[in-house]
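Colleague: I'm new to reading structures, and I'd like to take a close look at one part of this one. Could you walk me through it slowly?

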Amino acid sequence: MLMVRNFLQLQGGMSNELYNSIARVTDGIYEGIAIGGDVFPGSTLSDHVLRFNNIPQVKMMVVLGELGGRDEYSLVEALKQGKVNKPVVAWVSGTCARLFKSEVQFGHAGAKSGGEMESAQAKNEALREAGAIVPTSYEALEAAIKETFEKLVEEGKTTPVKEIVPPQIPEDLNTAIKSGKVRAPTHIISTISDDRGEEPCYAGVPMSSIVESGYGVGDVISLLWFKRSLPRYCTHFIEICIMLCADHGPCVSGAHNTIVTARAGKDLVSSLVSGLLTIGPRFGGAIDDAARYFKDAYDRGLTPYEFVEGMKKKGIRVPGIGHRIKRGDNKDKRVELLQRFARTHFPSVKYMEYAVQVETYTLSKANNLVMNVDGAIGSLFLDLLAGSGMFTKQEIDEIVEIGYLNGLFVLARSIGLIGHTFDQKRLKQPLYRHPWEDVLYTK
């Protein structure tokens with residue numbers, strides 16, 4: 001049972017149509033009931049019309065019947081006997097049945113004209129004579145409902161309920177996003193890669209183009225780190241740095257930690273991370289500091305003497321200068337390789353040459369204060385950024401400050417640490433225990 005407002009409607013398949021008509025020309029429906037025309041109905045038209053006649057909220061009834069059966073005549077009798085004192089607008093459908101030569105059945109069992117009295121025309125005429133408001137056709141039913149309702153309003157027998165404007169339902173977010181009307185709040189912003197569409201892109205360059213163009217690891221780093229394609233000499237330099245810094249033997253802190261962890265039976269990621277966690281100001285992180293201090297000194301126009309002595313007064317060792325093994329007469333081969341490549345391919349090596357002048361001064365102090373690979377990479381990376389002409393001064397400062405150079409060391413050294421992990425597992429080395437004789441036990 002549909003509980004709405006002000007009207008009664010009795011019929012089956014045409015319910016939705018009639019509800020729509022009533023809603024357009026009145027202020028709503030009180031209750032709608034579909035009895036149907038089956039052989040054994042549970043109630044009759046007159047049952048409900050009489051019931052609604054006694055409900056104050058109902059001001060008029062709308063009845064939609066059909067040919068077949070004689071249920072409408074119970075309503076006719078109720079109207080004739082004066083049991084109904086509210087307007088009844090009625091229409092019995094199926095008037096077209098007379099156009100057929102044979103007996104016609106519509107829909108269910110009851111919608112079958114079994115004689116003249118059960119025809120739609122006879123029922124409509126009987127309802128009209130009994131006092132119901134019966135239009136000339138179904139098309140005119142809506143107008144009849146409207147006219148009856150307006151008459152009730154005019155006579156003051158009903159006060160139209162104010163139309164309630166339904167709240168506007170917000171547009172579905174996914175639909176609005178697709179149409180470009182809104183942008184959903186984002187929790188993550190990414191400007192370096194996009195995996196939507198047909199293929200992933202690095203800084204807007206499709207993966208297929210990267211492969212087809214023969215790009216190397218240095219080119220991928222330039223796209224993902226710097227968001228642009230650097231010249232080939234720059235990406236080649238990056239690759240050389242990765243190769244030269246990939247490993248430095250099993251005794252440095254990162255490799256040692258990785259080896260100990262791998263021998264404890266831990267997985268690859270745990271072993272790798274244990275080594276990476278040692279990277280910092282004393283191991284690997286000096287590349288960032290070397291670039292930062294060399295750049296500051298050069299840009300401020302400090303002489304090597306002023307720079308070194310100024311650092312000494314602050315109690316800060318010059319990053320990138322000093323080595324445990326190498327000396328002035330036995331310089332780090334990696335440093336020489338990097339400097340040779342830069343002098344051959346870089347448009348400018350002003351920061352590197354400044355670092356060399358600093359090295360000349362520090363060697364005059366001590367033979368082990370030689371430029372190490374951290375100092376070489378730090379100063380040369382400054383030349384790469386400045387000489388390429390693809391970065392502003394502000395961008396260069398930001399790159400150094402963020403820690404790009406430390407990232408280069410982390411990336412490179414990960415290769416060696418992974419190698420040490422595999423090496424220990426391949427050799428099936430047991431759990432590591434530090435020898436007692438290598439520990440000074442004291443109170």
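What covers the buried residues of H14?

Modeller: Happy to. Keep in mind that this is a predicted model. The cover over the buried residues of H14 includes three other helices: H9 (232–245), H15 (350–363) and H16 (373–387).

Let's start with H14 itself. It runs over residues 333–345, which makes 13 residues. From its first C-alpha to its last it reaches 19 Å, close to the 18 Å you'd expect at 1.5 Å a residue. Right at the start of H14, a side-chain oxygen of Asp332 comes to within 2.9 Å of the backbone nitrogen of Arg334.

Now for the buried ones. In H14 these are Arg334, Val335, Leu338, Gln339, Phe341 and Ala342. Look down the axis of H14 and these buried residues fall within an arc of 160°, so they line one face of the helix. The spacing helps you see it: an α-helix has 3.6 residues a turn, so residues three or four places apart point the same way.

One of those buried residues, Leu338, takes us into the core. The largest nonpolar core has 55 residues, and Leu338 is among those with the most contacts inside it, along with Phe237, Phe294, Phe307, Phe346, Ile377 and Phe381. H9 gives the largest share of this core, 9 residues. Apart from it lies another core, of 42 residues, including Leu67, Val76, Ala78 and Leu141.

You'll have spotted plenty of Phe in that list, so on to the rings, a word on why two values turn up: a pair of aromatic rings is described by the distance of the centres and the angle of the planes. The structure holds 16 aromatic pairs. In one of them, Phe237 and Phe346 meet edge-to-face, 5.3 Å centre to centre with 65° between the planes. That pair links distant parts of the chain, 109 residues apart: Phe237 belongs to helix H9, while Phe346 is in the loop between H14 and H15. Phe237 and Phe346 are both buried.

Another pair, Phe294 with Phe307, is tilted, at 5.9 Å centre to centre and 55° between the planes. Here Phe294 comes from helix H12 (residues 286–299) and Phe307 from helix H13 (residues 304–314), 13 residues apart. These two are buried as well.

Finally, back to H14's own ring. Phe341, buried in H14, belongs to a cluster linked by ring pairs, together with Trp225, Phe226, Tyr233, Phe237, Phe346, Phe381, Phe391 and Tyr404.

Technical notes
Residues are numbered from 1 along each chain as its sequence is written. This is a predicted model: local features need pLDDT of at least 70, side-chain atom pairs count only at pLDDT 80 or more; totals for chains, interfaces and linings use all residues. Side-chain values use heavy atoms; hydrogens and water are left out. Helices (H or I, at least four residues) and strands (E, at least two) are DSSP runs, numbered from the N terminus. The expected span of a helix is 1.5 Å times one less than its number of residues. Buried means under 20% relative accessible area, exposed over 50%, partly exposed in between (1.4 Å probe, protein chains only). The arc is that of the directions from the helix axis to the C-beta atoms. Contact means heavy atoms within 4.5 Å. A polar contact is a pair of N or O atoms within 3.5 Å; within protein, one must be able to donate a hydrogen and the other to accept it, and residues adjacent in sequence count only if both atoms are side-chain atoms. A nonpolar core is a set of buried Ala, Val, Leu, Ile, Met, Phe, Trp, Tyr and Cys residues joined through side-chain atoms within 4.5 Å. Rings of Phe, Tyr and Trp (its six-membered ring) pair if their centres lie within 6.5 Å; planes under 30 degrees apart count as stacked, over 60 as edge-to-face and the rest as tilted.
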